[in-house]
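Please take the sequence and the model below together, and keep both in view while reading. The paragraphs that follow move from one helix to the sheets and then to single residues.

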Amino acid sequence: MKNILTLLLLSTMITVQAQSGSIKGKVTNQQLQAIPYATIVLKTTSIGTTTNENGSYTLTNISPGSYSVQFSAIGYKTIYRELNLRSSEEISISVQLSEDLQNLNEVVITSNRRIETLDEVPSSVSVISSRELENLSQTSNSIADILAEVPGLTLSTNQTSSVGQTLRGRNMLILIDGIPQSTPLRSGGRDINTVDPNTLERIEVIKGATAIYGNGSDGGIVNYITKKPKATGKLESTTQINTEGSLVDIDHTVGTKISQTFSGKTNKIGYVASGSFGQSGIYRDANGLVMSPTYGLGETNQYNLFGKINYDLSPNQDIELMYNYYSSNQNTEYTNQPGVYGKEPAIGVIGEVLGVDEGNRHNHNAQLIYNAYKLPGNTAFKLNLYLQDFKTVYGFTDAFYNPVLGFEGGQSFLESNKKGARFNFETPYSSGKNLTGDILYGVDIMNDKTAQSIIDGRSWVPEMDMTNFAPYLQLKTEYRNFVLKTGLRIENINIDVNDFQTIVRYPVGSNTPSGGVSVEGGNLKYSATTFNAGIRYNNWNYFKPFVSFSQSFSIADLGRTLRSATANTLSQIATEAVIANNYEAGFNSRFGETNLSGAYYISTSDLGATYVEVNGIFQIARQPEKVYGFELALDTKLLKNLYMGSSVSYTEGKLDSKNNGNYNTYMNGDRIPPVKTVTYLEYKIDGLWNARLSHTYSGNRKKFDANSNGGYAYGKGPVDSFNVVNFNINYQFTKNNKIGLGIQNLLNEDYYNLNSQWGAREENYFKGNGARFNLSLTFNL
């Protein structure tokens, strides 16, 4: 196997050397103001870049030949320039883009493993661009909050935990540059806030079941794309200073954050490096009460170090190395005072904090990418070698009480180590003038070791050592105005688990223990072939319909199943994988300055992955599931500089509780959110200032009856509606300096988080943030 891989790499690296050329220039609007983050792509190649803050770009080490260069940016018309590049030639192309919302579907995405526009994708995709990231992070530094405006994605939990923040009612796979961050073997709920937003260039959200990145994407994938080297000089610098705090009662709430970014480019080398440190104060609700520190965002120290360097080996080869480190740990003097469900919130009070600081101890991500272009058949080859090392610590709880061993409780921590390689080939083909396309094929190899233990040394979830070998094939065909995509992926998974014993613990005040089951380990094998197919018709701007079918493969929180095992051998434990089937029909429409899109979907699975609480212990219900819903989104230009947009998301889900084909039981709130609408107004003058006002409405969902004691089981609590208004403004007061202000919960809405309501637990009955401000200064050199 090693010899084959060596020969494969050598064969791709043997290319004909030629003196290369370059393309550079500037992208501006019709007022000659720079357009930052515009995308420049050489069509029919995988070569592209984005403009920097000054609208400048550079493409180097390009093989001689004829090219069509595409220039695009959100809110502007896409244009093309044809050129013939000779050896050692440097061509300067500066363009002006005219405003037009019609090009919203020309946004370039890469999460499908190829560079393509939204019009080439027969499924629902949302992209948060660099400019949108900048605006949304002005209001909140939490990526979970930034994602909240994406149609189909549940609102943020306002905590470090992402439990209940689903995509179309199912779990999503979080990625950083394609590196898995989620821990599907033991779902820890700490995968969304794992990187500083300042590190990102954009976020791509592919909705619906997909197996393109393997295990754990029943609801779709969220891919954080980190910044690329895009400076035109040898050294460019960006410094940002933020201060934040509560507008209700500022006492002890002030926090600060400092970010520094350097980037540069020479003839063959480009780099970007950044570091940030943030320290937050306490958080307060709308009444000024200190919010509970349990899974809280307050009083945390956050660190992020990021670096990326690329090197052009030749006109047809390049290599890129990326590394990111993230850490967020809480250091507080407050403890949780439980509330009264339905009446009073859980709050933070001064007290003795047991155990060590909770939070994400570290999240290391590293990746090496090698690209080779113009191989035989004009094939492009990409090799990804990556690793992730993740550790998170949870809060102290008496759930691990064991008086026999002298433990008053304990703190669990989750560790996950992933290593992987992706071999990706893309070969174009054509037949006549009207039929073109490409074949995408390769293999993914990954090893994932995940375990959950107690700080005092006890084991809770045994180490699960997973190896996944997955070949795949994707075919894209464009014929006239039709785009057809179809493909398959073959999953081959082996999981080794050593002999283990479930943890022994006692209810506080009881002499009757639970657990202590000795389980003989072994090997679990899973294999499945997942399919996808979709077609889009692009003839009419006013109506571009698509239909699609896709499948995903996931092992539903195996660790949770193992830690509550009652059988004595691994083979007796029910650990079957979940195959989710996603059926979707949607459209995109353009009417002048208005863009409208919509989708209806149904997602089914013969096995479920819904948590149920049995005698205080969470288990996974395996009944068949059906999730369905729709999304609508509209963006339009009202006046010369005034824009408006709105979206609505509806999701519902039911279980076949008797396994008789009758879906008669509603799914819990930790999977199914209430209806969500988001509306915004934005006034902007490019290169000078912009102001944005947004309103988010979360509806009610009351599907379950109270029990005989008047309480509710986990996930079944009634959810009331609430409204949140956010505001941000940025002003470019000099060419290189900018000031910004964001206000979260502008009207100081007094509400409970979604997970607090459906969770129905007094100790976790938390309110949302009261009004908060974030003031920033940005300096570019």
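In this predicted model, the buried residues of helix α2 are Ser 130, Leu 133, Asn 135, Leu 136, Ser 137, Gln 138 and Thr 139. With 7 of its 10 residues buried, α2 is mostly covered.

The sheet that belongs to this part of the account is an open one of 5 strands, in which the pairing is mixed and the order reads β11-β14-β15-β12-β13. Because β11 (125-128) and β13 (179-180) stand at the edges and each has a single partner strand, one side of each is left without a neighbour in the sheet. Helix α2, which spans residues 130-139, packs on this sheet and touches β11 and β14 (200-207), and its direction makes about 100° with that of β14. At the β13 edge, strand β12 (residues 172-176) is joined to β13 by 2 bridges, and the two strands run antiparallel; here Ile 176 stands opposite Ile 179 in β13.

Another open sheet has 4 strands with antiparallel pairing, in the order β3-β2-β5-β6. Its edge strands are β3 (48-50) and β6 (79-85), each of which pairs on one side only, and the twist from one strand to the next averages 20°. Within this sheet, strand β2 (residues 39-42) pairs with β3 in the antiparallel sense over 3 bridges, and Ile 40 of this pair stands opposite Thr 49 in β3.

Further along the chain comes strand β17, which covers residues 255-265. On one hand, 9 bridges join β17 to strand β16 (residues 236-246), the two running antiparallel, and Asn 242 has Lys 257 in β17 as its bridge partner. On the other hand, β17 pairs with strand β18 (residues 269-279) over 10 bridges, also in the antiparallel sense, with Thr 261 standing opposite Ser 274 in β18. Between β17 and β18 there are 3 residues, and the two strands form a hairpin.

Strand β17 also leads to the surface, through Ile 258, which has its place in this strand. Ile 258 counts as exposed because its relative accessible area is 51%, the cut-off for that class being over 50%. Ile 258 is one of the residues that make a nonpolar surface patch of about 720 Å², together with Ile 241, Leu 688, Tyr 731, Phe 733, Ile 739, Leu 775, Leu 777 and Phe 779. The largest share of this patch, 3 residues, comes from strand β44, which runs over residues 772-780.

Strand β44 also holds Arg 772, and is Arg 772 buried or exposed? Since its relative accessible area is 4%, Arg 772 is buried, the cut-off for that class being under 20%. Leaving aside neighbours within four places in sequence, Arg 772 is in contact with Glu 244, Gly 245, Ser 246, Leu 247, Ile 282, Tyr 283, Gly 742, Ile 743 and Gln 744. Of the elements already described, strand β16 (residues 236-246) includes Glu 244, Gly 245 and Ser 246, which are among these contacts of Arg 772.

Three further residues show other surroundings. Leu 488 lies in strand β28 (residues 482-497) and is partly exposed, with a relative accessible area of 29%. Not counting residues up to four places away in sequence, Leu 488 touches Tyr 472, Leu 473, Gln 474, Thr 529, Thr 530, Phe 531 and Asn 532. Leu 488 and Asn 532 are 44 residues apart in sequence, while in space they are 6.3 Å apart, C-alpha to C-alpha.

Ser 647 has its place in strand β38 (residues 642-655) and is buried, with a relative accessible area of 8%. Its contacts, leaving aside neighbours within four places in sequence, are Glu 149, Pro 151, Leu 632, Ala 633, Lys 676, Thr 677 and Val 678.

Val 719, by contrast with the strand residues above, lies in the loop between β41 (689-698) and β42 (722-731), and at 4% relative accessibility Val 719 counts as buried. Leaving aside neighbours within four places in sequence, Val 719 is in contact with Pro 674, Gly 699, Asn 700, Arg 701, Lys 702, Leu 754, Gln 757 and Trp 758.

How values were computed
Residues are numbered from 1 along each chain as its sequence is written. This is a predicted model: local features need pLDDT of at least 70, side-chain atom pairs count only at pLDDT 80 or more; totals for chains, interfaces and linings use all residues. Side-chain values use heavy atoms; hydrogens and water are left out. Two strands pair if DSSP finds at least two bridges between them. Contact means heavy atoms within 4.5 Å. Axes are lines fitted to C-alpha atoms, for helices over the stretch in contact, and angles run from 0 to 180 degrees between N-to-C directions. Patches are made of residues with over 30% relative accessible area and no salt bridge: like charges are joined within 9 Å, nonpolar side chains (Val, Leu, Ile, Met, Phe, Trp, Tyr) within 5 Å. Accessible areas come from the Shrake-Rupley method with a 1.4 Å probe; for residues, only the protein chains shown count as cover. A salt bridge is a side-chain nitrogen of Lys or Arg within 4 Å of a carboxyl oxygen of Asp or Glu. Buried means under 20% relative accessible area, exposed over 50%, partly exposed in between (1.4 Å probe, protein chains only).
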